Structure formats: structure tokens, C-alpha cells
Amino acid sequence: MNVKTHAEAAAVFIADEARTDWHNETLWFVRQKRDKAAHGIPEWEHLREWASTIKNHTLSNLHQYLIEFEKNAQANGITVHWASTPEDHNRIVYEIIQKNAVQKIVKSKSMLTEECHLNDFLISKGVEIVDTDLGERIVQFRKEVPSHIVLPAIHLKKKDVSETFHEHLGTEQGNYDPQYLTEAARNHLRSKFVASELAITGVNFAIAETGGFVVCTNEGNADMGAHAAKIHIACMGFEKIIPKAEHLSVFLRLLARSATGQPITTYSSHFVRPREGQQMHLIIVDNGRSKQLGRPDFKNSLKCIRCAACFNTCPVYRRSGGHSYHTAVAGPIGSILNPNLDLKANSDLPFASTLCGSCSNVCPVKINIHEQLWKWRQIIASEHQVSMVKRIVMNGMSFLLAHPKLYRFAGMSGRWVMRVMPWMVNNQMNAWYKQREMPAPPKQSFRDWYQKNQNK
Amino acid sequence: MSARENILAAIRLNQPDFESLPVIDLNETIQYPDLVAQFSESLKGIGGLAIRINSMEKLKDIIVQEKASNDFVIDAIELVPENLKGLNAEALVTVKKAFIRGGIAVAENGSIWVKESQMGNRLLPFIAEHLAILISEKDIVANMHYALEKIDIAEEGFGVFLAGPSKTADIEQSLVIGAHGARSLVVYIQK
């Protein structure tokens, strides 16, 4: 399979300038809603600090908390499974499906099942699965994957959704009204919920103290599935653990405000015991997380609560779209998680950033995302995984910056060239000229200006 | 070794040095002079409606009126109907409106803790076309910290912080109320 690098895929995305602008502005609007919600809470920075410290504590005692969680969950009547790899995870799900001979399966949003490519696996086994989150259903109809972990269809416009629903649900051609389209999906999916035999959900928080787990949605699709079906399978990465119920308050206050600017998601459901006659399964997945835990520079990426605030604020994400990241979890957080899973396949991702640091500033659990991006770059460069061109340019730059006289000469020449022969830089050979005008060359360098003015 | 043992062994080997839990000082968290007003304001912001009632008679009248429409209306306010637990999704999908009781309510975000015994059936608050919840004024707390201090969330097999009607903005960020769950939520606040 030939996967485009982030830069190659982004070049395709930005070819449609109007759509790129719209994507950028839409996500910035979500970021602004986040700001408004955060500013409404005077103790916001305390909350972030508490959340960060709770997560640090949990990671430092994770072994114990997982054992405690498992024990309590089992006592509650939940069957706990462990999966080292995506293959293990998918096999466990498939075995439950086979053992119970069920066919009608609904799934609410779970980035973990995306990470494990559960849908593709089940299709290969002849099992159909219906994604029930509206955005996920839209992309599933279109045979795409989510482009954003909270807003899966954010890359699409109403016209696209209308066309997809016309084809799959028989809605009126040319009716772009979101209310009308959502109503059509509601009716379609309600029939799926009522008929469902097995429901798969993700997990937002698993509480060691109670052995229960919390699932957050706005649409109510996780609950519709889980309470209608006779079997519920919840899938979680092991970092979803929090120690006590009281800690839930900190995370529920942060999650939706950081994600969409809402004070809390519509439904924050705490599943403790299966209902009478129901089977409840929980699959705890590793898939590289234990390895990440052992990397001092990257371990705290496991604090992530998947709010996607870092996506919405990222100037690169907003202008390149989630699919450019070619991984289940895109955006800045994905760019520090995915190199751990496969450094070679994802060596482009830590470079999909300006290192502006905005991601770290909005992160509700204070992950130093931009510093980790920079650290991954160092590892990638030291393992010679950067392209020949980038290596030569970087070595050249580093030589230049280490030699002040040469640097001053190059600056002077550059300004002269831009002034006298602008066509030398204003051409398509120059990557910086694409989609933007070169700035007017200054008459003198800052150094010259400073020398002239410092004694004034 | 089993996957469980492998994973736990790897975690034990790799987990960082011990760090302590933070001390969460509730004095540093947001407070409101008027909890009922703030709860109502928060609920309005997320698409719900709060109505103060002075007596239960008022609510009883409303329920009687709803039932007169011949729609499938479930009233679990005074008593949870005995047959409710046994109803499956196919039966419940026809519920037009459900009236249930809620517990602790949270002023900062308009959410209400509803536990399984109050729902009568776990599916009911989600599948009903319209939902009404009765809460008591004295059960409103300022923020989530106080809520979780008062609630034993593992007391029953299931419970939910329910905040407003179901909603989505998955189509071009346009807010649509009534995704898969209730299309409307009215909260009656009893004095």
C-alpha cells in the first residue's frame, strides 16, 4: 500500500482553496467556543493542573490500578479481556460475536476500534457493523475514515452529506438542511438500535475504585445501543483508568469544554453492572502503550483524554485536514502517539507542525505536545529517517547558522537577489512561494539596524 | 504468558516513579449566589428548559393532560410502573414522553444525576421522544466536585449525568437538537 506522506496528502487537500479556508475557519470557531467555556471557569488553570497531576499519579501506579479495576469490574459481573495487539482485540470481539451467533451489531464512537481497524476486520469475516455516531455513519457510508476524533465528518460540507444520504437513505436530492438530514439519520439509526443484538462502545474513563466505566456522548447513541442490545462490549486503551469516582469531576469539567465548548456532554453514563440478562464485556488494550510508558520523553502522551482541543487550535491541522495524517488519531496528539507504533511509517508526522506550542497551551491535561514533536524529530533525524533533501538542507542551514560571517553574507546576498532579481525566488521551484507572495526584502538586516541604532 | 500477564508485567517494568495525587480544594472552585437561577441558565444554554413548581399538583395536572392525548406516556414520578423494566426497545421506541425523577443537579452545567431505579428501565431516558425530569431545589449543587461528593455513583448498576436534550453538530457544525435521544428536556424544580 502506497500511503501519501502528510505533506503530499495536504497538497491535495489545499488544492481547493475555498474549502481549505472553510475548514480552517470552522475549526477555529470550535477553538473559540472552547476559549469561551474555559474563561467561564475561574479555576480553569487549577483544573488543568489537577487533571495533569491525577494522570501523572495514575501512570505512576498503573499496574496496581489496573488490577484493582479488573477485580472490581469482575465483582460487578463484567467480563474483562486483555489484548496486547489490535489483532488480539479484534479476535476477542469476533469470538464473542461467533459464540453468541449474533448478526446485528451497532457501534458508537471508539477511536480505539479505529486504531485496531475493527470494522475492516469484521467485514473480512462477513460481519456487518453499523456506526451510530452521526458523523461516523456519514463517513462509513462514504467508505472513508473519521478525519477528527470528536467531529468525524468535519471535512465534509452539507452538500456532501446530502448527496451521501440521498444515495444511501433516499433523502431528497438537493435538500441540504442539517435538521432534515439529521432527522433522516435518526429514523434510520433508531431502527438499527431497536434491532441490535450487540453494541460496541468506547470508554472515556474507567474508574479503578468502582470497577465501572464512563462513556460520554451528545447524541445518546452509545446508550441507545448498550441498553437495547443483549450484549455490550466496551473497548479501552489501558490509559483510560482514573483512580476514584471523585476524580471524574475534574475530567468531566474539562472534557467537553475543551472539545466543543459545551459545559458537559449531554450524556455521561456510568456503567457498573450489566442489566438483568445482559452480557457486559470490557476489552483492555495495550497496542504499544506499555512501550510508550517506558519512554521518559513521551510517556505523558498517555495522559490524553481525546478532547481534540489540540486539533482545533493547530494551524497545520486546520489547513491540511485529518486524512492527511493517514492514522486513526490525527492532529498534534496523533503525531506524538503514532511514531511510537511505527516510527518508519509515521516519520513524517512530527514534521506536520510549526512547533508554535498552541497545542500544549490548550491541552486540558498539560501534555507538552510541541516539545514531544520536536523530540521525535531528533530521533527520526538520528535514525536517518528524514528525506535526503531535508537532510542536506538542514545540514546546510546548521553550517550556515554556525558561521556568523557566512550567515551575514548569505543574508546580504539574499536581500540583493530578492530586490534585483525577484524572479529568482518568485517561482514554483521555491516551496515558500507556493500559495503565498514573498515578503518585500528589507533594506538592511536587523543586525545592521541594531548596530546603527544601539547608541542613539 | 497470557496477554494479561504480559501487559501487566510490561507496565510494571515501565511505569514511572511514584507521584502523589493532588489535593483538590473545593474552596477554589466556582460558586454561585443563586443555584436555582444558575442551573436554569446552564440548562437553557444546552437546549433544555427549567420550570419551578410550588406543588406536586401542578406536575400531576401536566401529566394528566399529556396522557389525555392517547400518546404513550410513561409516568415514573410517584411510582415507577412495574412492567417498565420488562419492556424491550421495540416497545419503548413508541414512548412519546417520559416523566422521571432525578437526583443531584449541577448548576455549572445543567446536568442531573439519574440512577437506574429512577429510570425504571435503562433505555427509557434515551429512547423517549421527549423527557421531563423532576428534581428538588435542595438537590442543586454548584459544581461537579460537590455532585460527586454527594453521589455514590456505583450504588446502582447504571447511572447517568444527563444534560439537556440529545444533540449533534456533525453536519457542518450546525447544531441540531434531537439526534438519537430525547428531542426535548423539561426539568421541573420542586420547591
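## An aromatic cluster with members from both chains

Ring pairs tie F213(A), Y267(A), F271(A), F126(B) and F158(B) together into a cluster. That is a good place to begin a tour of this predicted model. Over all chains, a search of the whole structure turns up 13 aromatic pairs. One of them is formed by F205(A) and F251(A), whose rings are tilted, with 5.6 Å from centre to centre and 35° between the planes. This pair links distant parts of the chain: F205(A) belongs to strand β5 (residues 205–207) of chain A and F251(A) to helix α12 (residues 245–259) of chain A, 46 residues apart.

How buried or exposed are these two rings' residues? F205(A) has 1% relative accessibility, so it counts as buried. F251(A) is at 0% and therefore counts as buried too; the cut-off for that word is under 20%. F251(A) also has a charged companion: the charged end of K55(A) sits over its ring, 5.4 Å from the centre.

## H180(B) and its surroundings

Let us return to chain B and to F126(B), a member of the cluster described above. F126(B) is also among the residues in contact with H180(B). Where does H180(B) lie? Its place is the loop between β10 (176–177) and β11 of chain B. With a relative accessibility of 2%, H180(B) counts as buried, because buried means under 20%.

Setting aside neighbours within four places in sequence, the contacts of H180(B) in chain A are T132(A), L134(A), R186(A), L189(A), R190(A), F193(A), E219(A), G220(A), N221(A) and M224(A). From chain B, F126(B) and S166(B) complete the list. With E219(A) there is a polar contact as well, side chain to side chain, at 3.0 Å.

## Helix α8 of chain A

L134(A), one of the contacts of H180(B), is also one of the buried residues of α8(A). Why can this helix be called largely enclosed by the rest of the structure? Helix α8 covers residues 134–141 of chain A, and 8 of its 8 residues are buried, so the rest of the structure largely encloses it. The buried set holds E136(A), R137(A) and Q140(A) alongside L134(A), G135(A), I138(A), V139(A) and F141(A).

Both ends of the helix have something to show. At the N-terminal end, D133(A) acts as a cap, with a side-chain oxygen 3.1 Å from the backbone nitrogen of G135(A). Just after α8(A), K143(A) adopts a positive phi of about 55°.

## Strand β6 and the build of chain B

Now for a strand with partners on record here: β6 of chain B (residues 130–136) is mostly covered, with 6 of its 7 residues buried. Strand β3 (residues 97–101) of chain B runs parallel to β6(B), and 5 bridges join them; in this pairing I100(B) stands opposite I133(B). Strand β11 (residues 184–190) of chain B also pairs with β6(B) in the parallel sense, over 7 bridges. There, L185(B) in β11(B) is the bridge partner of L131(B).

Stepping back, chain B contains 7 helices and 11 strands. Its C-alpha trace spans about 65 × 45 × 40 Å along the principal axes. Of its 191 residues, 54% are buried. Among contacts in chain B with a separation of 6 or more, 73% are between residues 24 or more positions apart. The accessible surface of chain B is about 8,300 Å², and carbon and sulfur atoms account for 49% of that area.

Conventions. Residues are numbered from 1 along each chain as its sequence is written. Chains are lettered from A and ligands numbered from 1 in the order in which they are written. This is a predicted model: local features need pLDDT of at least 70, side-chain atom pairs count only at pLDDT 80 or more; totals for chains, interfaces and linings use all residues. Side-chain values use heavy atoms; hydrogens and water are left out. Buried means under 20% relative accessible area, exposed over 50%, partly exposed in between (1.4 Å probe, protein chains only). Helices (H or I, at least four residues) and strands (E, at least two) are DSSP runs, numbered from the N terminus. A polar contact is a pair of N or O atoms within 3.5 Å; within protein, one must be able to donate a hydrogen and the other to accept it, and residues adjacent in sequence count only if both atoms are side-chain atoms. Two strands pair if DSSP finds at least two bridges between them. Rings of Phe, Tyr and Trp (its six-membered ring) pair if their centres lie within 6.5 Å; planes under 30 degrees apart count as stacked, over 60 as edge-to-face and the rest as tilted. A charge sits over a ring if NZ of Lys or CZ of Arg is within 6 Å of the ring centre and within 35 degrees of the ring normal. Contact means heavy atoms within 4.5 Å. Accessible areas come from the Shrake-Rupley method with a 1.4 Å probe; for residues, only the protein chains shown count as cover.
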